[in-house]
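Open the model in your viewer and keep the sequence panel beside it. The stops below each begin with a selection and then say what is there.

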Amino acid sequence: MNRNKYAYVWVSLIVLVFGIIFIPRIVDRIKSGKVVQNDRLSGPDNSGALAYLEIDGKRRKVPSFAFIDQDSLLITDKDYLGKVYIVEFFFTSCPTICPLMNKNLVDIQNEFKDLEDFGVASFTIDPEHDTPTVLKKYAEDNGITDMDWHLLTGDREAIYDLANIGFNLLATQVPDAPGGFEHSGMFALVDKRGYIRCRLDPYGNPKIYYKGAISEADGKNDIGEHQDITILKEDIRKLLKE
């Protein structure tokens, strides 16, 4: 018998011994319900934990900014230190997602009313039209009452840099788009020290941002995406306790 035939015989013998010894034990474990989570190919469930948004290994902070709000007051990033707050980019004449986003933000505002360590920063991407007077009227018409919800306007390029570079959230002028602009419908969540925070999914991956244009009442949109307002409220509560 040559060497290859000897090797074949030994492999066959090992497989036979394994089957005789171990397969009955595996079957017994399955029947007795002793197969536990650690036997499966899944990691720990990290869903609900909050992480920092990191880019190139560094925690991302909100960049410095200075804009004028609906009351013609100068508001900077320093005014939000010590507060948990939501960031959005919108414009008052938006005919599509902005009304939905701000309706959801009013819902969140009412959930956390009277809390001095909670706020909202809404940056207009149409500052030429959205003057403090226009923003003031928009706030009044849409139930924005929180003293720490600032609707901010100012230098166009500074706002676009803040959106596209500072937050990695789309903001651009597109003449053919509804209302003349395209922008992200996502909310960013910022902690009391100015760091952008995000929820982890069950596999430890960051969600990064929260869908802003789907309400809790609707549950999901026309293409089947589920709302994030419920988990956003949960994560605000977590950060308020830090």
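Start with helix α4, residues 132–141, where Pro132, Leu135, Tyr138 and Ala139 are buried. Look down the axis of α4: these buried residues fall within an arc of 120°, so they line one face of the helix. Turn to the other side of α4 and you will find Thr133, Glu140 and Asp141, which are exposed. Keep in mind that this is a predicted model.

Next, show what the buried residues of α4 pack against: the strands β4 (66–68), β6 and β8 (149–152), together with helix α3. Before leaving the helix, step just past its end to Gly143, which has a positive phi of about 75°.

**Gln70**

Select Gln70, in the loop between β4 and β5 (74–76). Is Gln70 buried or exposed? Its relative accessible area is 10%, so Gln70 counts as buried. Measure from here to α4 in the viewer: the C-alpha atoms of Gln70 and Ala139 are 7.9 Å apart, although 69 residues separate them along the chain.

Now display the surroundings of Gln70. Beyond its neighbours within four places in sequence, Gln70 contacts Pro132, Leu135 and Lys136, and also Trp149, His150 and Leu151. Which backbone atom of Trp149 lies 3.1 Å from a polar side-chain atom of Gln70? It is the backbone oxygen of Trp149. With Leu151 the partner is the backbone nitrogen, which lies 2.8 Å from a polar atom of the Gln70 side chain.

**The annotated binding site**

Select Cys94, Cys98 and His183, which an unreviewed UniProt entry lists under "binding site". They span 90 residues in sequence, yet no two of their C-alpha atoms are more than 10.1 Å apart, so the three gather at one spot.

Take Cys94 by itself. Cys94 sits in the loop between β6 (84–90) and α3 (98–111), and is buried, with a relative accessible area of 7%. Setting aside residues within four places in sequence, Cys94 is in contact with Pro99 and His183.

Move on to Cys98, in helix α3. Cys98 is buried, at a relative accessible area of 0%. Which residues does Cys98 touch, not counting those up to four places away in sequence? They are Phe90, Phe91, Tyr138 and His183. Tyr138 was met at the start of the tour, among the buried residues of α4.

**Two positive phi values**

Most residues other than glycine have a negative phi. Two stops go against that pattern.

Select Asp56, in the loop between β2 (54–55) and β3 (58–59). Its phi is positive, near 55°. Asp56 is exposed, with a relative accessible area of 76%.

Then select Ile208, in the loop between β12 (196–199) and β13 (210–211). The phi of Ile208 is also positive, near 75°. Ile208 counts as partly exposed, at 28% relative accessibility.

**Last stop: confidence**

Colour the chain by pLDDT. The chain averages 85, and 81% of the residues score at least 70. Then select residues 1–45, where the pLDDT is below 50. Beyond near neighbours in sequence, this stretch has 13 contacts in the model. Where pLDDT is low, the predicted coordinates should not be read in detail.

Definitions and conventions:
Residues numbered from 1 in each chain as written. Predicted model: local features only at pLDDT ≥ 70, side-chain atom pairs only at ≥ 80, totals over all residues. Heavy atoms only, no water. Helix = DSSP H or I, 4+ residues; strand = E, 2+ residues; numbered from the N terminus. Buried < 20%, exposed > 50% of the residue type's maximum accessible area, 1.4 Å probe, protein only. UniProt positions renumbered as here; feature names shortened; annotations may be inferred. Contact = heavy atoms within 4.5 Å. Arc of directions from axis to C-beta. pLDDT = per-residue confidence, 0-100. Polar contact = N/O pair within 3.5 Å; in protein donor to acceptor, adjacent residues only side chain to side chain.
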